[in-house]
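Me: I want to know what stands behind the labels on this model. Please show it and let me ask.

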Amino acid sequence: SAKSVNRKDADFPIDANATKQTINLYHNLKKLLNKGIMFGHQDDLAYGVGWKYVPGKSDVKEVTGDYPAVYGFELGRLELDHPVNIDSVPFDKMRGFIKTAYQRGGVITLSWHLNNPLTGKTAWDPAPGTVASILPGGEKNDLYKSWLDKVADFIVSLKGEHDEQIPVILRLFHELNGNWFWWGKDHCTPEEFKELWHFTISYLRDTRHIHQLLYAYNTDRFSSKEDYLLKYPGNEWVDVLGFDIYQRKKGPEGNEEFIHSADTMLTMLDQIAFAGNKIPALTEFGYGQVPDSTWWTQVLLKALDHHKISYALAWRNAGFKPSGEAEYYLPYKGQVSQKDFIKFYKQPNILFQKDLSYKSIYE
Ligand code: BMA
């Protein structure tokens with residue numbers, strides 16, 4: 001006899017009214033944990049090293065012949081009604097990239113480096129009291145709600161070929177244990193952070209009735225489970241658990257440090273996610289300019305290999321900035337780690353687009 005399932009106890013997204021495709025995505029992400037780790041890239045379809053907005057182009061595709069499985073995009077400046085985001089990607093182009101990626105069975109995740117609503121400066125302006133100011137009763141709560149409305153409108157505009165809403169993993173207030181963003185470590189209390197999280201999710205889900213989202217909580221590097229969970233909003237409020245990690249130190253010592261740190265944190269993340277029935281992911285990673293020709297198989301793979309995580313998202317191939325400085329985290333054609341990246345690509349447990357399909361992700 002079919003007993004009715006209590007959704008609170010069952011394995012579902014935190015949004016009890018999530019769309020069919022969103023629920024399917026949630027279950028498929030869990031299923032795929034047994035198959036491998038999906039490889040992701042921020043702004044993959046928008047630009048790469050030495051190019052911008054070439055239809056169909058992608059640095060990952062140029063090197064491997066395949067697209068990533070996960071596509072990250074960024075909402076920063078949407079809150080200001082700007083037509084282009086913080087990294088100069090026009091929002092109407094982004095909508096097109098997201099639709100393309102979705103139709104081929106790619107997973108979409110969005111980050112948001114939103115400005116500081118109290119000072120009007122950037123996300124990197126950690127003015128004291130900013131979080132408190134946007135909570136209900138705070139002087140900037142109305143402004144914050146108007147920003148959430150813009151994000152909501154954009155998300156609602158993401159539709160597939162049958163007018164269905166495109167599911168998105170929304171990665172809010174990332175790297176919350178670092179001190180660089182206004183929502184960061186010393187700039188709000190755990191209570192304030194949790195309230196901000198609850199308010200934001202409630203606003204999008206219950207006030208704006210958006211039901212195409214999975215919500216990702218993600219820290220920067222962390223030292224213990226307690227550290228990771230210090231401001232955790234609770235299992236009722238999060239679908240995906242992750243952290244961000246970058247290799248900063250070059251050479252063998254830097255490599256060892258990265259493997260050890262990533263491996264240690266992934267072990268803790270695996271345990272926390274398993275206990276809470278959540279989806280673990282490496283929500284952002286990179287080694288700037290990948291100066292080590294075998295970094296993919298000798299460093300990253302060693303850190304990832306024993307872990308069941310849903311995806312690993314490499315940060316953006318911004319290329320050469322006006323300052324002359326280059327920012328990229330994946331090889332492009334001719335880059336020193338290109339060959340090794342192909343070797344990494346061929347690992348059976350590292351999944352790119354050809355390993356997946358619309359059916360295996362959204363049905
Ligand atoms: C940072 C850098 C910046 C970028 C920001 C938001 O890590 O890549 O260049 O503007 O992310 O995407």
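What follows is a set of questions on the ligand site and on single residues.

Reply: A word on the source first. This is a predicted model, so local features need pLDDT of at least 70 and side-chain atom pairs count only at pLDDT 80 or more, while totals for chains, interfaces and linings use all residues. Residues are numbered from 1 along each chain as its sequence is written, and side-chain values use heavy atoms, with hydrogens and water left out.

Me: What makes a residue one of those around the ligand, and which are they?

Reply: A residue is near the ligand if one of its heavy atoms lies within 4 Å of it. Those around the ligand are Asp 87, His 113, Trp 124, Trp 315, Arg 316, Lys 321 and Glu 327.

Me: How do these residues divide by type?

Reply: The shell has 2 nonpolar, 1 polar and 4 charged residues. The classes are fixed: Ala, Val, Leu, Ile, Met, Phe, Trp, Tyr, Cys and Pro are nonpolar, Asp, Glu, Lys and Arg are charged, and the others, Gly among them, are polar.

Me: Why does the pair between Arg 316 and the ligand count as a polar contact?

Reply: A polar contact is a pair of N or O atoms within 3.5 Å; within protein, one must be able to donate a hydrogen and the other to accept it, and residues adjacent in sequence count only if both atoms are side-chain atoms. An N or O atom in the side chain of Arg 316 is 2.7 Å from an oxygen atom of the ligand. That is within 3.5 Å, so the pair counts. For Trp 315, a polar side-chain atom lies 2.9 Å from a ligand oxygen. For Lys 321 the value is 3.3 Å, again to an oxygen atom of the ligand. The protein covers 78% of the 310 Å² of accessible area that the ligand has on its own (Shrake-Rupley method, 1.4 Å probe; for residues, only the protein chains shown count as cover).

Me: Where does the ligand sit?

Reply: The ligand sits in the largest pocket. To sit there, more than half of its atoms must lie within 2 Å of the pocket's grid points. A pocket is an open set of points on a 1 Å grid over the protein atoms alone, where a 1.4 Å probe fits, with protein on both sides within 12 Å along at least five of seven lines.

Me: Why is Asn 116 called buried or exposed?

Reply: Buried means under 20% relative accessible area, exposed over 50%, and partly exposed in between (1.4 Å probe, protein chains only). Asn 116 has 0%, so Asn 116 is buried. Asn 116 lies in the loop between β5 (107–111) and α4 (130–134). Helices (H or I, at least four residues) and strands (E, at least two) are DSSP runs, numbered from the N terminus. The C-alpha atoms of Asn 116 and Trp 183 are separated by 9.0 Å, with the two residues 67 apart along the chain.

Me: What about Val 63?

Reply: Val 63 is at 8%, so Val 63 counts as buried. Its place is in helix α2 (residues 59–64).

Me: Why is Ser 88 called partly exposed?

Reply: Its relative accessible area is 39%, so Ser 88 is partly exposed. Ser 88 is in the loop between β4 (70–74) and α3 (91–103). Its phi is positive, about 70 degrees, although Ser 88 is not a glycine.

Me: And what makes Asp 163 exposed?

Reply: Asp 163 has 53%, so Asp 163 is exposed. Asp 163 is found in the loop between α5 (141–156) and β6 (168–172).

How values were computed. On a 1 Å grid over the protein atoms alone, a cavity is a set of points where a 1.4 Å probe fits but cannot get out, and a pocket is an open set with protein on both sides within 12 Å along at least five of seven lines; lining residues have an atom within 4 Å of a point.
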